[in-house]
Amino acid sequence: MQVKNLVGHAVALSTAAALVTAAPAVAEDAEQPDSGKQQTSSTTTPSAPETSAEESATEQESAAEESAPESTESSAESTTEDTAEETSTTEHSPSTTERSSADLGDPLRGPVYGQTPKTPGNPNAERAPRSGATTMQVAPGEGKIQERYESLDQETKDRVGAAQGDEVVVDDSLRYQDYENARFYWTPEYEVTIVFGEVLDKYLNMGGHETLGVPSTDELTTEDGTPYNEFVYRADGVTSAIYAHSEAGTHVLVGPMLEKWRSVGAQDELGYPISDTFITEDERAAFNNFQNNATIFWTVETGGAHVIRDEIRDKWDRIGGARTVGYPTIDQRITPDGKGRYNHFENNASIYWTEQTDAHLVQGLIREKWAATGWERGPMGYPLTDELADKDRIGRFNVFTGVDGNPAGILWSPETGVHTVKGLIGKRYLELGGPGGVLGYPTTDERSTPDGRGRFNHFNGAGGASIYWTPSTGAHEIYGGIRDHWASMGWEKSYLGYPTTGEFDLKDGSGRRNHFEGGHISFYYDSGKIVDQPW
């Protein structure tokens, strides 16, 4: 499989300005001997922002925003991915090539969302000269690399090692010199910068300045001592970084993934990258995986890069990932009550997690109905199941925790639309088999009776069915012919009042009956008659 151009691909899909990362300022010349290392980076990792319940109160607003058409972003120009040429240049000297041993295909470190790793590369922007390249006698930057080398302290010179071959002039704005354990670059923007060791190996393995651009910093270190360099792709200003961590390995973060990682707390929050930036199998997104069971995905359609992690990421992966619900449209957030975590996704879908319920998917019209009831803050509570199909394979439903100790449900079918059941009515409905039982699917949400005493839902099963509840009678089902007879009498406004039992068999086996506050209604098999009688 040919190497893909992630930098060019990502920027061409998005607006170039959205991915431009300001290049860090070049460190001022030190008065003391140069150690070859910048002690303080202008891109020092910010501390992790705290995600509060108050911030998460925008939950419903974020869902509404993600469902709105993103005509501006999605109209960004689409380009054909460039294919990286395998050219022989003077850039890779024998000693440097032998040192470049990073393994992009390590199954423990590589991508989990694309079968074939596709790594950054841009063969069209900065191409090293072919075998005819020569070092100019008088040219911009001439002698600068040697001056920098001479300014180093002896310890750093020993680390760099001896020069390998001649200085290579790529063009008037780029030249480099290989050493045993390092490479020095000169550019007019960043003067002379040095790349060492594992970071250099990865950089060259990824294609060097042709793919990631030129180093814009010397080697920097994080607070825990992890070395890294930053690189700028000069054609479009995209900044990347390579981190060489002792446990996570050496990996590149490109453009929006790097920006997002740093904005949410970098290694303190997500850990270090355990994969390079790859393009997904559907070629719609770029991503990195991180130590703390987290992934950052970037797409044009979702408006940028978003974090998905832990149980929600695992759930997303198990249910089919982007193929079923799309890519995340927000970072993972904390619910306003502080009990849960959630992400919204492209295809009108969300995954919610709590320690008590685990992670579950809510989507489509059921999700819209749940949102209209107030999400988990409303009477439905948190999802207890994913969206499930009934045995008829026609309708769909989710079961929720409810808020009064009784489960609740949201159910949909093409015939009935989407409706809620909850409380003791919901409990009784589920006891009777839910949509697969005698009552079928709800045709109403729970409603109040005209006298204000009771609550009820209507259903489409048995030719028409209902569950009625009052505090004094409890929740009871009534359906079929007995329900029709009761309805013809005026429902609960008749002398019978509310049902006090569900429908049951007569002891002699001659028919069926419901008891009510003021009497009963019986159906007889032999005559087919339905008769009401007061007590």
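**Cavity, rings and backbone in a predicted model**

Phe 397, Asn 398, Val 399, Gly 409, Ile 410, Leu 411, Val 421, Tyr 429, Leu 430 and Pro 435 line the largest cavity. The model is a predicted one.

Student: Which elements give two or more residues to the lining of the largest cavity?

Tutor: The lining includes Phe 397, Asn 398 and Val 399, as well as Gly 409, Ile 410 and Leu 411. Tyr 429 and Leu 430 also belong to the lining. The elements that supply two or more lining residues are strand E19 (396-400), strand E20 (408-413) and helix H13 (423-431).

Student: What volume does the largest cavity have?

Tutor: The chain has two cavities of 30 Å³ or more. The largest cavity has a volume of about 40 Å³.

Student: What percentage of the residues in the chain is buried?

Tutor: The chain contains 14 helices and 29 strands. A residue counts as buried when its relative accessible area is under 20%. Of the 535 residues in the chain, the buried share is 53%.

Student: What share of the exposed area do carbon and sulfur atoms supply?

Tutor: The area exposed by the chain is about 23,300 Å². Of this area, the share supplied by carbon and sulfur atoms is 48%.

Student: How do Trp 370 and Trp 375 pair, and are they buried or exposed?

Tutor: Trp 370 and Trp 375 lie 5.3 Å apart, centre to centre, with 75° between the planes. Planes over 60 degrees apart count as edge-to-face, and this aromatic pair is edge-to-face. As for accessibility, both Trp 370 and Trp 375 are buried.

Student: Why is the pair of Phe 523 and Tyr 525 edge-to-face?

Tutor: The ring centres of Phe 523 and Tyr 525 are 5.7 Å apart. Their planes meet at 85°, and the cut-off for this class is an angle over 60 degrees. The pair is therefore edge-to-face because of its plane angle, 85°.

Student: Which class of accessibility applies to Phe 523 and Tyr 525?

Tutor: Phe 523 has a relative accessible area of 26%, and Tyr 525 has one of 47%. The class between 20% and 50% is partly exposed. Phe 523 and Tyr 525 are therefore both partly exposed.

Student: Which residues do ring pairs link into a cluster?

Tutor: The count of aromatic pairs in the model is 30. Ring pairs link a cluster made up of Phe 278, Phe 287, Phe 297, Trp 316, Tyr 327 and Phe 345.

Student: Over which rings do Arg 159 and Arg 183 lie?

Tutor: Arg 159 is 3.8 Å from the ring centre of Phe 196 and lies over its face. The charged end of Arg 183 is 4.1 Å from the centre of the ring beneath it, that of Tyr 176. The rings are thus those of Phe 196 and Tyr 176.

Student: What phi does Glu 191 take, and where is Glu 191 found?

Tutor: Most residues other than glycine have a negative phi. Glu 191 is partly exposed, at 39% relative accessible area, and is found in strand E4 (residues 191-196). Although Glu 191 is not a glycine, its phi is positive, at about 55°.

Student: In which helix is Asp 310 found?

Tutor: Asp 310 is not a glycine, yet its phi is positive, at about 55°. Its relative accessibility of 24% makes Asp 310 partly exposed. The helix that holds Asp 310 is H11 (residues 310-318).

Methods
Residues numbered from 1 in each chain as written. Predicted model: local features only at pLDDT ≥ 70, side-chain atom pairs only at ≥ 80, totals over all residues. Heavy atoms only, no water. Phe/Tyr/Trp six-rings, centres within 6.5 Å; stacked < 30°, edge-to-face > 60°. Buried < 20%, exposed > 50% of the residue type's maximum accessible area, 1.4 Å probe, protein only. Lys NZ or Arg CZ within 6 Å of the ring centre and 35° of its normal. Helix = DSSP H or I, 4+ residues; strand = E, 2+ residues; numbered from the N terminus. Areas by Shrake-Rupley, 256 points an atom, 1.4 Å probe, with all protein chains shown as cover. 1 Å grid on protein atoms, 1.4 Å probe; cavity = no way out; pocket = protein on both sides within 12 Å on 5 of 7 lines; lining within 4 Å. Points joined across faces, edges and corners; volume = space filled by probe spheres on them.
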